[in-house]
Structure formats: C-alpha cells, structure tokens
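Welcome! Take a moment to look over the sequence and the 3D view, and then we will go through a few spots together.

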Amino acid sequence: MKNLTLIIGAVYGLVSVILGAFGAHALKKVLSVDKLQSFETGVKYQMYSALFLLIVGYILKFETPSEKWISILMIAGTFLFSVSIYLLAFSEVAAIPTKAIGPITPIGGLLMIISWAMLIFYFVKAKF
C-alpha cells in the first residue's frame with residue numbers, strides 16, 4: 001500500500017501539472033470563465049492530494065487498517081472530486097449530463113475530508 005500511495009501521489013502530481021498547463025493555455029478559448037475556474041479548482045485539489053499522498057506515503061507505516069484507509073479514501077476521493085469537476089467544466093462543450101455527475105463531486109470531497117480527519121486522529125493517537 002505504501003508504494004501504491006507514493007506512485008498514485010506522483011501520478012496525481014504529474015497529471016495536475018499537465019492539466020493546469022493545458023487549462024492555462026488551451027482551454028481559455030473553449031471554456032467560459034466560470035467553467036475554467038471550476039476546472040482550475042479540480043487541478044488545485046488534485047495537486048493538494050498529490051502532496052498529501054506523497055507525505056503520507058513516507059510518514060505512515062501502513063501496518064493498520066486505519067493507516068491504509070487514510071490513503072484509500074484520499075485516492076478515491078480525489079479521483080471522484082477532480083474528475084467530476086473536469087467533466088462538469090466540459091459539460092456545455094461536450095453535452096455531458098450534469099445531473100449524473102454533479103452529485104459525485106461532494107461524495108469525493110467527503111471522502112477527502114474523512115481522510116484528513118483520520119490523519120488528524122492518527123497524529124493525536126500517536127501523541128506527537
């Protein structure tokens with residue numbers, strides 16, 4: 001799980017830089033200002049999660065189920081949150097149904113919040 005966390009953290013970081021550059025240059029002509037800001041929010045949170053996963057990958061030993069769930073929830077939450085935002089940003093251009101995708105964003109965000117809360121609990125329990 002440790003290696004998977006580090007690999008996914010690095011992939012999330014790489015993809016967020018690529019998408020950020022793509023958004024800053026190519027998407028200005030395609031998306032409205034509001035949709036572009038939404039896209040950038042997805043990129044920003046994906047990068048935050050990439051850094052979270054890289055740090056957690058080095059800090060945690062992944063010996064307990066809760067340590068594994070900290071990583072799993074952040075990986076899944078980031079994917080649901082950011083990808084749904086990317087799809088919503090392109091909803092007008094690509095005729096993507098927002099009713100099906102819209103509810104996914106807060107679910108992803110909730111998983112990310114739970115992951116952060118579990119990390120706080122881990123630190124409190126470890127008595128740093």
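Two rings of Phe, Tyr or Trp count as an aromatic pair if their centres lie within 6.5 Å. By that rule, this predicted model holds six aromatic pairs. One of them makes a good starting point, and a buried glutamine comes after it.

**An aromatic pair to find**

- Phenylalanine 39 and phenylalanine 90 have ring centres 6.1 Å apart, and because their planes stand at 90 degrees, the pair is edge-to-face.
- Phenylalanine 39 belongs to helix α2, while phenylalanine 90 sits in the loop between α3 (65-89) and α4 (91-94), so this pair ties together parts that are 51 residues apart in sequence.
- The relative accessible area of phenylalanine 39 is 3%, so this residue is buried.
- Phenylalanine 90, at 22%, is partly exposed, because the cut-off for buried is under 20%.
- Tyr86 joins the picture too: Phe39, Tyr86 and Phe90 form one aromatic cluster.

**Glutamine 46 and its surroundings**

- Look for glutamine 46 in helix α2, which covers residues 33-59.
- Is glutamine 46 buried or exposed? Its relative accessibility is 5%, so glutamine 46 counts as buried.
- Which residues does glutamine 46 contact, leaving aside its neighbours within four places in sequence? They are Tyr12, Val15, Ser16, Leu19, Thr78, Ser82 and Tyr86.
- With tyrosine 86, glutamine 46 also shares a side-chain polar contact of 2.6 Å.

**A residue that links both topics**

- Tyr86 is a member of the aromatic cluster with Phe39 and Phe90, and its side chain makes the polar contact with glutamine 46.

Key
Residues numbered from 1 in each chain as written. Predicted model: local features only at pLDDT ≥ 70, side-chain atom pairs only at ≥ 80, totals over all residues. Heavy atoms only, no water. Helix = DSSP H or I, 4+ residues; strand = E, 2+ residues; numbered from the N terminus. Buried < 20%, exposed > 50% of the residue type's maximum accessible area, 1.4 Å probe, protein only. Polar contact = N/O pair within 3.5 Å; in protein donor to acceptor, adjacent residues only side chain to side chain. Contact = heavy atoms within 4.5 Å. Phe/Tyr/Trp six-rings, centres within 6.5 Å; stacked < 30°, edge-to-face > 60°.
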